Amino acid sequence: MDKVLIIGANGKTGRILAFKLKNHEQYVPVAMVRDKEQVAYFEKEGIKTVLGDLEKDLNHAFEGIDKVIFAAGSGSKTGKEKTLSVDKEGAIKTITLSAQKKIKKYVMLSSRGAENAEKVDGSMQHYLLAKKAADEQLKKSGLNHAIVRPGRLTDGPFTGKIKVDAVLNDKGDISREDVAEVLIFMLDENIKGNQVFGILSGEVEIPAAIPLFLKSGQAVV
Ligand code: NAP
């Protein structure tokens with residue numbers, strides 16, 4: 001059983017990840033939270049936690065960890081400085097630590113548009129540049145990795161069906177439940193090589209859509 005550190009475990013996607021991993025036959029979740037008051041929510045469900053803040057020292061959080069999912073984010077209600085210290089520098093810190101600790105797989109929850117962040121106009125650019133910087137660091141880290149770039153996240157139900165493409169030209173939504181399923185799917189080390197792709201809600205079952213995309217390099221819709 002691989003121990004999976006969920007960074008951003010108390011978030012909407014992070015909580016879904018924690019519960020899905022708790023019931024998974026291959027993985028054991030370790031929920032990284034930044035506030036002692038968040039611990040009970042997980043521990044009453046038998047999910048282990050570790051306290052960790054992306055803006056502080058995090059070395060201890062990686063002890064005994066096999067794989068990592070990064071699902072944290074500063075959110076839209078904080079200022080630009082938090083986007084830099086959490087989404088960019090915080091993420092880069094976890095990538096550096098993962099490389100030092102020889103983590104077996106690092107799965108990044110990125111965002112649609114990060115690949116072309118420089119060309120984006122308006123308020124999203126600062127955020128997307130931060131996400132892109134973290135993604136680029138992951139690509140050159142030497143870590144076995146996957147970078148998943150969803151469209152707008154919703155609290156909609158699990159459908160298990162997605163659209164996948166290298167770069168998403170269309171805007172669209174996808175539920176956090178579906179995103180969490182894809183992130184967990186990508187923890188598998190048997191998926192060879194490193195992967196970067198975008199996802200939206202779609203028509204093809206996740207276990208079929210991803211291998212098809214990775215084999216063909218063509219959009220699966
Ligand atoms: P969320 O509910 O806002 O959760 C983000 C989590 O990050 C929270 O649990 C938060 O902790 C944690 N966090 C913030 N600062 C931290 C720090 N300094 N140290 C440790 N943890 C910290 O996010 P979500 O809606 O699940 O989305 C996850 C990510 O997906 C976003 O951050 C974004 O980068 C990406 N994404 C979002 C969209 C979208 O449409 N919203 C689209 C594409 C990609 P607390 O619980 O303690 O506040």
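## A guided tour from helix 4 to the ligand pocket

Select D135 to begin; this residue has its place in helix 4. The structure on display is a predicted model. Now check the surface around the D135 side chain: is the residue buried or exposed? With a relative accessibility of 0%, D135 counts as buried, because the cut-off for that class is under 20%.

**From D135 to M186**

Keep D135 selected and add M186, which stands 51 residues away along the chain. A distance monitor between the two C-alpha atoms should read 15 Å. M186 belongs to the loop that runs between helix 5 and strand 10 (195-201). Its relative accessible area is 0%, so M186 is buried. Next, add H145 to the selection. The C-alpha atoms of M186 and H145 are 8.4 Å apart in space, while 41 residues separate the pair in sequence.

**Helix 5**

Select residues 176-185 next, which form helix 5. How many of the 10 residues of this helix are buried? The number is seven, so helix 5 is largely enclosed by the rest of the structure. To display the buried positions, select R176, D178, V179, A180, V182, L183 and I184.

**The loop between helix 3 and strand 5**

Move to the loop that joins helix 3 (80-100) to strand 5 (105-109), and select K102 there. What is notable about the backbone of K102? Its phi angle is near 55°, a positive value in a residue other than glycine. K102 has a relative accessibility of 68% and therefore counts as exposed.

Then select K101, also found in the loop between helix 3 and strand 5. K101 has a relative accessible area of 28%, so this residue is classed as partly exposed. Add F62 to the view: its C-alpha atom lies 7.3 Å from that of K101, although the two residues are 39 positions apart along the chain.

**K67 and its polar contact**

The next stop is K67, in strand 4 (residues 67-70). This lysine has a relative accessible area of 2% and is therefore buried. Which side chain does the side chain of K67 meet in a polar contact? Select D2 to see the partner; the contact between the two side chains spans 3.2 Å.

**The ligand and its shell**

Finally, select the ligand and the residues around it. The shell comprises 25 residues, and the closest of them are G11, T13, R34, Q38 and Y127. By class, these shell residues divide into eight nonpolar, 10 polar and seven charged.

Three side chains can be inspected individually. For N10, a polar side-chain atom lies 2.9 Å from an oxygen atom of the ligand. For Q38, an N or O atom of the side chain is 2.8 Å from a ligand oxygen atom. For D53, the ligand atom in question is a nitrogen, at 2.9 Å from a polar atom of the side chain. On its own, the ligand has 910 Å² of accessible area, of which the protein covers 81%.

Display the pockets as a last step: the largest pocket is the space taken by the ligand. Which elements give two or more residues to the shell around the ligand? They are helix 1 (12-22), helix 4 (124-139) and strand 7 (152-154). The tour thus returns to helix 4, the place of D135.

How values were computed. Residues are numbered from 1 along each chain as its sequence is written. This is a predicted model: local features need pLDDT of at least 70, side-chain atom pairs count only at pLDDT 80 or more; totals for chains, interfaces and linings use all residues. Side-chain values use heavy atoms; hydrogens and water are left out. A residue is near a molecule or strand if one of its heavy atoms lies within 4 Å of it. A polar contact is a pair of N or O atoms within 3.5 Å; within protein, one must be able to donate a hydrogen and the other to accept it, and residues adjacent in sequence count only if both atoms are side-chain atoms. Accessible areas come from the Shrake-Rupley method with a 1.4 Å probe; for residues, only the protein chains shown count as cover. On a 1 Å grid over the protein atoms alone, a cavity is a set of points where a 1.4 Å probe fits but cannot get out, and a pocket is an open set with protein on both sides within 12 Å along at least five of seven lines; lining residues have an atom within 4 Å of a point. A molecule sits in a cavity or pocket if more than half of its atoms lie within 2 Å of its grid points. Helices (H or I, at least four residues) and strands (E, at least two) are DSSP runs, numbered from the N terminus. Ala, Val, Leu, Ile, Met, Phe, Trp, Tyr, Cys and Pro count as nonpolar, Asp, Glu, Lys and Arg as charged, and the others, Gly among them, as polar. Buried means under 20% relative accessible area, exposed over 50%, partly exposed in between (1.4 Å probe, protein chains only).
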